[in-house]
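Colleague: Before I use this one, can you walk me through the labels people put on it? I'd like to hear the reasoning behind each.

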Amino acid sequence: KRYGLSLMPVLFDYMVADGVSEEGGVAVGERPDLLTTKKQALLDLLGEFVGTYGTDSSIYAWDVMNEPEYVTAIGQVALKTFISEVVTTIHQHAEQMVTVGSRNYLDVQKWKGIGLDLYQVHAYSQMEDLPRTSELLLDKPVIVGELSALDVQEKLRVVEQKGYIGAIFW
């Protein structure tokens, strides 16, 4: 707050249910049950957590999941239902906007109709492929996420020129 920065906490990553339970002989965080059979307990806990920070002006938006298109351990209908229920839970307990970090502009359409306040497309460095926001046919503003921090001024020029409301560099 002191420096006027805003945060966008990412609540889940696709690796929670990407079908990979071991890497290099080491167990990794595969927990698709949290998105299905244990979903209600997780939503209750999430409501409490988000409610704690739900009026904090330093939080710009909540990102429900990073690149959910890579989730393979549960079906797409179950995934969309889970994300929709998280969006509803956040809206019940917080004032901030809600988004999903879609892996690219081709997949962002999957998240229409679940109550998002803004859309997010990851672009990395492929600025030449990034369409104008009007071509995406979305019903809310769009930001570009996961941009590499190279050629920042040029990327910001393209982002603005193509109608996006912001960008996230990392």
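**Helix 4 and its two sides**

Modeller: Let's start with helix 4, where K155, V158 and V159 are buried. Buried means under 20% relative accessible area, exposed means over 50%, and partly exposed is in between, with a 1.4 Å probe and protein chains only. Those three residues cover an arc of only 100° around the axis, which puts them on the same side of helix 4. The arc is that of the directions from the helix axis to the C-beta atoms.

Colleague: Fine, but what is the ground under all this?

Modeller: This is a predicted model, so to speak of local features takes a pLDDT of at least 70, and side-chain atom pairs count only at pLDDT 80 or more, while totals for chains, interfaces and linings use all residues. Residues are numbered from 1 along each chain as its sequence is written, and side-chain values use heavy atoms, leaving out hydrogens and water.

Colleague: What makes helix 4 a helix in the first place, by definition?

Modeller: Helices are DSSP runs of H or I with at least four residues, strands are runs of E with at least two, and both are numbered from the N terminus. Helix 4 covers residues 152-161. By that count the chain has four helices and eight strands, in the order β-β-β-α-β-α-β-β-α-β-α-β from the N terminus on.

Colleague: And what do the buried residues of helix 4 pack against?

Modeller: They pack against strand 6, strand 7 and strand 8, where contact means heavy atoms within 4.5 Å. The helix runs at about 160° to strand 8; axes are lines fitted to C-alpha atoms, for helices over the stretch in contact, and angles run from 0 to 180 degrees between N-to-C directions. On the face turned away from the buried side sit the exposed residues Q153 and E160. Helix 4 is followed by G163, with a positive phi near 90°.

**The sheet**

Colleague: How do you know which strands form the sheet, and in what order?

Modeller: Two strands pair if DSSP finds at least two bridges between them. Six strands form an open sheet in the order 1-4-5-6-7-8, with parallel pairing. Take strand 7 (residues 142-147) and strand 8: two bridges join them, with L147 partnered by F169 and V144 by A167. On the other pairing, five bridges join strand 6 to strand 7, and Q120 stands opposite I143.

Colleague: Why are strand 1 and strand 8 called edge strands?

Modeller: Strand 1 (10-13) and strand 8 (167-169) each pair on one side only. Neighbouring strands of the sheet are turned by 20° against each other on average, direction ignored.

Colleague: What touches strand 1 and strand 4?

Modeller: Helix 1 (residues 39-53) packs on the sheet there, and its direction makes about 150° with that of strand 1. L46 belongs to helix 1.

Colleague: Why does L46 count as buried?

Modeller: Its relative accessibility is 7%, so L46 falls under the cut-off and counts as buried. L46 touches L11, F12 and V86, leaving aside residues up to four places away in sequence. L46 and L11 are 35 residues apart in sequence, yet 8.9 Å apart in space, C-alpha to C-alpha.

**Two odd phi values**

Colleague: What makes the phi of E146 and L137 worth a look?

Modeller: Most residues other than glycine have a negative phi. Phi of E146 is near 55°, and L137 has about 55°.

Colleague: Are E146 and L137 buried or exposed?

Modeller: E146 has a relative accessible area of 9%, so it is buried; it lies in strand 7, where six of six residues are buried. L137 has 61%, so it is exposed, and its place is in the loop between helix 3 (133-136) and strand 7.

**The whole chain**

Colleague: How do you know that the chain agrees with a compact globule?

Modeller: With 170 residues, a compact globule would have a radius of gyration near 15 Å, and the chain has 16 Å, which agrees. The radius is taken over C-alpha atoms, and the globule rule is 2.2 Å times the number of residues to the power 0.38. Of the 170 residues, 42% count as buried. Among contacts between residues at least 6 apart in sequence, 59% join residues at least 24 apart.
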